[in-house]
Amino acid sequence: MNKKNNLAETEMTEDVQLIHEKPSIGKILSRFSRLGALLLLCIGISLLNQNFLKVSNLINVFRQAAPQIVISLGMTIVFLTGGIDLSLGSVVTMTSVVSGYVLTQTELPWWFAIIAAIGAGALSGFVTGQLIAIVKLPSAVASYGMLWVGRGLAFAIMGASPFFSFPDSFRYLGRGYLLGIPMPIWIVAIIALIMGWFLKYTTLGRSLYAIGANPHAARASGIKLSRTLVSAYIISGMLAAIGGIILAARLNAVDQDMGASFLLPAIASPVMGGTSMAGGQGGVAGTIIGSLIMIIVTNGMNLLGINSLWQQLVTGIVVVLSVWLDVIMRKRN
Amino acid sequence: MKGNTPLLEMKEISKSFPGVKALDHVSFDLFPGEVHVLVGENGAGKSTLMKVLAGAYPKDEGEIFINGETQSRWSPTAARAQGVAMVYQEFTLLPFRSVAENIFLGREKTLAGLFLDKASMHQEAGKILKSIGVDVDPRVSVLELGVAEQQMVEIAKALAMDARILVLDEPTSALSLREIEQLFSTVAKLKKNGVGIIYISHRMEELKQIGDRVTVMRDGQLIGTREVADITIDEVITMMIGREINELFPRHHCQPGEVALSVKGMKSGKKVKNVNLEVHFGEIVGLSGLVGSGRTETARAIFGLDHMTADDLEILGKKYKHIDPSLAVDIGVGLIPEDRRRDGLFPILSMEKNLVMVCLRKIFPNGVMKPSVEKKTATEYVKKFDIQPPALDRIVHHLSGGNQQKVVIGKWLAAKPRVIIIDEPTRGIDVGAKSEVHSFMDRLANSGHAILMISSEMPEILGMSDRIYVMHEGKVAGEFPRGTDSEEILRCAMGVN
Amino acid sequence: MKANNGKQLRQFILEKVPTVTWILIVMMIYFSASNSNFLTFANAANLCRQGAILLILCLGVIVVKITGGIELSNGAVMSLCGMVLAWVMVNMNMPPYLAIIISMLVGILFGTLNGIFVTFMGIPSFVATLGTQGIAVGLALGMNNGNVIGGLPEKFSIIGNDNFLNIPIPLWAIILVFILTSVLLNKTPFGVYVYALGGNEEALKLSGKPAWLYKVLAYSYSGLTAGIAACILTSRNMAAQPTVGLGMEFEAFAGAVLGGSYIAGKGTAMGGVLGGIFILILRNGLNILGIPTYLQLAIFGTVLITAIVLSTLVERRVQKMRDEEREE
């Protein structure tokens, strides 16, 4: 205490050794608990049904999971800011319909369909973001409204009949293989790397965490709130579009309901992966694990012969339970 | 006018928090039909005493008597049942509902136990309002009322619960002159009805206007209780200050340089009405004033956190029409906020992330971060401020108050501002950390920074400032050189001449 | 004096009457001017029958909305109630009146489930109700392998198709639920607490009332309306289809928001009904104007989000004007 009151000695020369804290066993456990849950789930299902661990089934699982993972990453970005984007499912529909339209109703090249779809996703995210940042609607209200705008646009573009039979180069994105690995998995890997880098190593990514952790302090620290928020929704819209493209390419057709079922898993996956709905915490790796858990649960149900009609019931329960767990974890901290 | 048995008697109440004795054998009493004014500087223990009275804090020692009867079990429910009511500064009213509904919230009058008996609720509410001399239609929605009228509704709500001991905490801070008169006539009516009122205020003129007795508190102790008629305002102020300043402040005065920040005719919101001030490089300027005088709001306005207008705003030699926080950061202004949990810290993020948050755009202008640079910057400030424990991955939520404050200061200094506004630099931190923060401020000023320091603690203002501005009701009411005594500053802050 | 008149007029236009009324009037004029079929008795009667379900749901949603919650599960819960209703009549030979009671109980059960998710589990209302939506859809699909349940007793068709005192029974149902809702909101302590939950929950807790209980009850009430709506819907179709109600939650949400702004602590039963009527007339008008179905949804969504934004801005402007007045 004396030392500190003495001015000369508080000069900044003294060499403080930084402590590198070793995470406690509890922390390590909780960090890997999700991975552990995933492995346990895999082991459990493979015990009940030997087909599960077959390479063909696993590749199938991953391929199925691809759009889900990409869309969940979009939701992760929004969760980090403390918001929610209920429109993601319908953005998936709308953007895949846009790509379907370009592919089948115009003479434009197949890659233009991708650009158009991603552009449409970005635009939708831009509008949602403006409603939240400028009009200051709660994110749930704004994005829920945009859900129906997106759905309506999908209907309007499609008219009476669905689009199908896309060119092979486009279908390659959903069904093709590169070096023996399905294209969707490549796409997911690339996007996961980009998003991981973006969240960890860019100032914009860091600002997203800051806004979610404490919007008041973020503003007082000179972060431009509106601009950052809007970019979060734009990115999430673009990711939903990429999810839609993979889906359309795999199914070789688009219809007006294809995205709706992605919303609930997209909420549950990040939360199960440790991204808090309250914002400021979470990341890419957790969301991928969370998405895989979601997919494997449904895949496992199929393998175990449970009627897929019950799937929504399970998803609903999983959403409620995972968000509840998130609430409990936050209270404990 | 006074009965013989006091309505309320609090005897030898003590209350400690870890490390602080907040109340030290304080006694307080209140008679029916009396206005008992409670005064003291910030942190004197007034609000702790009132929280004990409301049952929000359990007392460590002492006894509470109501109407001469000792109260063995004291809790919020017991307090309410015994007729203790607080009129909070933040209103507990439902804005879209009628006055009558608000007055009877939770104790609605019903027909057959099922349906609201609106007629009798309106009638009752009208009666209560009339009894305190308020002319408000009970059917009208609270939204339509002014602040003073809302306060009257709060009082009526308390009376509807048969409150006999009413605590009014700084009731006039948000009121206009006309509204204050209205409040005082209500208080007079209450007195006539035999209600006892504990009135907390910083405004000395009010003390004389409506007080019967006054109790002065300082540092958790009772200094004295007097009849208002027998005491002058000067005596009250002397009782409030009492001690000599014996803390040591490490301020090494140096010659101030050019003007770094100059504000003329600034207005912002309801609390900043006309602020003129100047801060030079190499100078620590103290901004003093009572709670609610608009100090914090002034700081927020200069930094662009709140909307403001000014005749002239000059920062580092350039004039600005508008300012927002991100512009302020870019041109080299820093605000170390009063409420660090709200405006300063990212509690769930690590120390490293907190420390580099403000300087992100400065050290990574192209938007891509280098972990090594980030780590180096954070380490530098951990060392500079001797943040304990020096663990960059530590979540700041788990740090002590003093270290949290150091993180907030460090995060700002990492952005290398030239003008630093620091609001309550040492609130809620322990003695050791306090003197460290003071030495940093001293060094900063002497190395050519301009510092505007807001503080409620008189010793800090006197000990650290080269010059002192005093605010009173949204205006800079006076400017004093170093060495002015505390009484003169307090008088100016209270609007007494 | 003049200024005072202006103030009263402003209050009347912007505050006393739900904003949606004015939009409604403009819309009705536009539709009837562009098509003579719009303002006919046949069309009005048709609207009533079609609209009963939506208006009843709106009345439940408005109660939840006043507490500050968002209810997105009622469409799915309505489907499930319909399935249960049909199932007990067909497979258990239960008399219709008992089946109706069971349908309402299922509705209340799922509403209460929402309330429990929100209060005890601390889940944001929109996530909780989306979860319940999933659960209800899953059950509705699973219980009969995704198939429609038909072959309901003849008598059961009365509810959706017959008249009582020359007024269609669905219209009676609207009137009853409307009266029930406005009595609950305006004439009972429960109503006061519902408004308190949205306006200032802390104040309600300070007054010593169990705030959580009233919140759960608000969600239960919305569930009950889903159960009632299910009876009318199933009787009109004389069959229960597991996904029939999907999308309905959006129309009900929109109606409730338009009839009383999305701001918590505000709203009336009348506003909920007017908001519902707005949606009905918009849909009906688009049909009559011959706009193809696939374009309708896009127009619908856009009109809706525009209306929400506009009413929010109006709301904020009014608040500002009020503050300025007070300053003077």
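Where in chain A does UniProt place the feature "transmembrane region"? The unreviewed entry puts that feature at residues 69-98, 110-135, 141-164, 176-199, 230-251, 271-297 and 309-329 of chain A. Keep in mind that what you're looking at is a predicted model.

Here's how two of those stretches come out in the model.

| Stretch of chain A | Helix | Strand | End C-alpha atoms apart |
|---|---|---|---|
| Residues 141-164 | 75% | 8% | 33 Å |
| Residues 309-329 | 90% | 0% | 32 Å |

**Where chain A meets chain B**

Let's turn to the interface. The size of an interface is often given as the accessible area lost when the parts come together. Chain B and chain A bury about 3,700 Å² between them, and 60% of that is on carbon and sulfur atoms. Chain B puts 48 residues into the contact, and chain A puts in 37 residues.

What about polar links? Between chain B and chain A the count is 1 salt bridge. A:R206 and B:E374 form a salt bridge, with their closest N and O atoms 2.9 Å apart. Counting residue pairs in polar contact across the interface, with both partners at pLDDT 80 or more, gives 10.

On the chain B side, a run of helices does the touching: α10 (325-331), α11 (340-344), α12 (351-356), α13 (360-363), α14 (371-384), α15 (401-413) and α16 (431-446) each supply at least two residues. The largest share, 7 residues, comes from α14(B). Sorted by class, this side of chain B has 24 nonpolar, 10 polar and 14 charged residues.

**A buried asparagine in chain B**

Now for a single residue. B:N102 sits in helix α3 of chain B, which covers residues 99-103. Is B:N102 buried or exposed? With a relative accessible area of 0%, B:N102 falls under the 20% cut-off, so B:N102 counts as buried.

Its side chain has a polar neighbour too: one of its polar atoms lies 2.7 Å from the backbone nitrogen of B:L94. Leaving aside residues up to four places away in sequence, B:N102 touches B:L93, B:L94, B:R97, B:V142, B:V153 and B:K157.

**A quick look at chain C**

Chain C has 13 helices and 2 strands. Of its 328 residues, 55% are buried. How much of the contact in chain C links residues 24 or more positions apart? Among contacts with a separation of 6 or more, such pairs account for 80%.

Notes:
Residues are numbered from 1 along each chain as its sequence is written. Chains are lettered from A and ligands numbered from 1 in the order in which they are written. This is a predicted model: local features need pLDDT of at least 70, side-chain atom pairs count only at pLDDT 80 or more; totals for chains, interfaces and linings use all residues. Side-chain values use heavy atoms; hydrogens and water are left out. Helices (H or I, at least four residues) and strands (E, at least two) are DSSP runs, numbered from the N terminus. Buried means under 20% relative accessible area, exposed over 50%, partly exposed in between (1.4 Å probe, protein chains only). A polar contact is a pair of N or O atoms within 3.5 Å; within protein, one must be able to donate a hydrogen and the other to accept it, and residues adjacent in sequence count only if both atoms are side-chain atoms. Contact means heavy atoms within 4.5 Å. Buried area is the accessible area (1.4 Å probe) that two parts lose on being put together, summed over both. A salt bridge is a side-chain nitrogen of Lys or Arg within 4 Å of a carboxyl oxygen of Asp or Glu. Ala, Val, Leu, Ile, Met, Phe, Trp, Tyr, Cys and Pro count as nonpolar, Asp, Glu, Lys and Arg as charged, and the others, Gly among them, as polar. UniProt positions are given in the numbering used here, feature names are shortened, and annotations may be inferred rather than shown by experiment.
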